[in-house]
Amino acid sequence: MPVPEDLVPFDLKHLGLVLYTDGSGSDSGGTGSSVFMKTNTEEFRYCFRNPDKNSVFRSELVAIREVLNIALDNRASDTWILTDSKSSIQFLKDWLNILDMWGSIYF
């Protein structure tokens with residue numbers, strides 16, 4: 001899931017840690033998540049398969065969970081997490097209300 005440099009806003013190109021997420025699904029029901037990490041000195045790609053019949057939405061959330069763990073482990077002073085999943089951002093924005101309704105969520 002390499003991201004072409006011209007798609008990255010100029011302001012982000014030289015910052016400490018930039019993380020990209022993606023979730024995908026196939027017509028046959030397979031799903032996967034991927035993470036791309038770029039620092040000033042290295043790049044890291046991590047792709048993994050999720051359980052069959054998982055939703056793309058859940059796959060997006062799994063990828064976001066993974067980059068949050070990477071960001072916490074990395075402890076960079078500046079961290080940018082980029083995702084194309086508006087629904088995941090909306091879900092996470094209302095996280096506390098959702099936890100109150102459901103009690104707990106696993107993804």
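1. Helices (H or I, at least four residues) and strands (E, at least two) are DSSP runs, numbered from the N terminus. With those labels, K53 sits in the loop between β3 (43-50) and α1. K53 is exposed, at a relative accessible area of 68%. Its phi is near 70 degrees, a positive value in a residue other than glycine. Most residues other than glycine have a negative phi. Please look at this loop in the viewer. Keep in mind throughout that the model is predicted.

2. Overall layout. The protein chain has three helices and four strands. Along the sequence they run β-β-β-α-β-α-α. Of its 107 residues, 34% count as buried. Take contacts between residues at least 6 apart in sequence: 53% of them join residues at least 24 apart. Several such pairs come up below.

3. The α1/α2 packing. How are two packed helices described? By the angle between their axes and the distance between the axes. Here α1 covers residues 56-74 and α2 covers residues 86-93. Their packing angle is about 65 degrees, and the axes lie 9 Å apart. That angle makes α1 roughly perpendicular to α2. The cut-off matters here, because roughly perpendicular means 65 to 115 degrees. The crossing of α1 past α2 is right-handed.

4. Who meets whom in that contact. From α1 come F57, E60, L61 and I64. From α2 come S87, S88, F91 and L92. By type, the residues of this contact split into five nonpolar, two polar and one charged.

5. L92, seen from α2. L92 is a residue of helix α2. Is L92 buried or exposed? Neither label fits: at 28% relative accessibility, L92 counts as partly exposed. Buried would need a value under 20%, and exposed one over 50%. Setting aside neighbours within four places in sequence, L92 touches L61 and I64. Both of these partners belong to the α1 side of the helix contact. L92 and I64 are 28 residues apart along the chain, and their C-alpha atoms are separated by 10.0 Å.

6. S85, ahead of α2. S85 is placed in the loop between β4 (79-82) and α2. Despite the loop setting, S85 is buried, with a relative accessible area of 6%. Which side chain makes a polar contact with the side chain of S85? It is that of S88, at 2.7 Å. S88 also takes part in the contact with α1. Across the sequence, S85 pairs up in space with G23: the two are 62 residues apart along the chain, with C-alpha atoms 8.5 Å apart.

7. S33, the residue I would check with care. S33 is in strand β2 (residues 31-39). S33 is buried, with a relative accessible area of 3%. Apart from neighbours within four places in sequence, its contacts are D22, G23, Y46, C47, F48, N50, S59, V62 and A63. Of these, Y46, C47, F48 and N50 fall within the range of β3 (43-50). S59, V62 and A63 fall within the range of α1 (residues 56-74). D22 and G23 fall within the range of β1 (residues 17-25).

8. Polar partners of S33. A polar atom of the S33 side chain lies 2.7 Å from the backbone oxygen of S59. The side chains of S33 and N50 share a polar contact of 2.9 Å. S33 and S59 are 26 residues apart along the chain, and 5.3 Å separates their C-alpha atoms.

9. E66, a charged residue inside. E66 is found in helix α1. Is E66 buried or exposed? At 19% relative accessibility, E66 counts as buried. The limit for buried is under 20%. Beyond neighbours within four places in sequence, E66 contacts V35, Y46 and F48. Y46 and F48 are also on the contact list of S33.

10. Y20, in β1. Y20 lies in strand β1 (residues 17-25). Y20 is buried, with a relative accessible area of 9%. Y20 and T83 are 63 residues apart in sequence, yet 5.9 Å apart in space, C-alpha to C-alpha.

Notes
Residues are numbered from 1 along each chain as its sequence is written. This is a predicted model: local features need pLDDT of at least 70, side-chain atom pairs count only at pLDDT 80 or more; totals for chains, interfaces and linings use all residues. Side-chain values use heavy atoms; hydrogens and water are left out. Axes are lines fitted to C-alpha atoms, for helices over the stretch in contact, and angles run from 0 to 180 degrees between N-to-C directions. Angles under 35 degrees count as roughly parallel, over 145 as roughly antiparallel, 65 to 115 as roughly perpendicular and the rest as oblique. A crossing is left-handed if the near helix is turned anticlockwise from the far one by less than a right angle, and right-handed if clockwise. Contact means heavy atoms within 4.5 Å. Ala, Val, Leu, Ile, Met, Phe, Trp, Tyr, Cys and Pro count as nonpolar, Asp, Glu, Lys and Arg as charged, and the others, Gly among them, as polar. Buried means under 20% relative accessible area, exposed over 50%, partly exposed in between (1.4 Å probe, protein chains only). A polar contact is a pair of N or O atoms within 3.5 Å; within protein, one must be able to donate a hydrogen and the other to accept it, and residues adjacent in sequence count only if both atoms are side-chain atoms.
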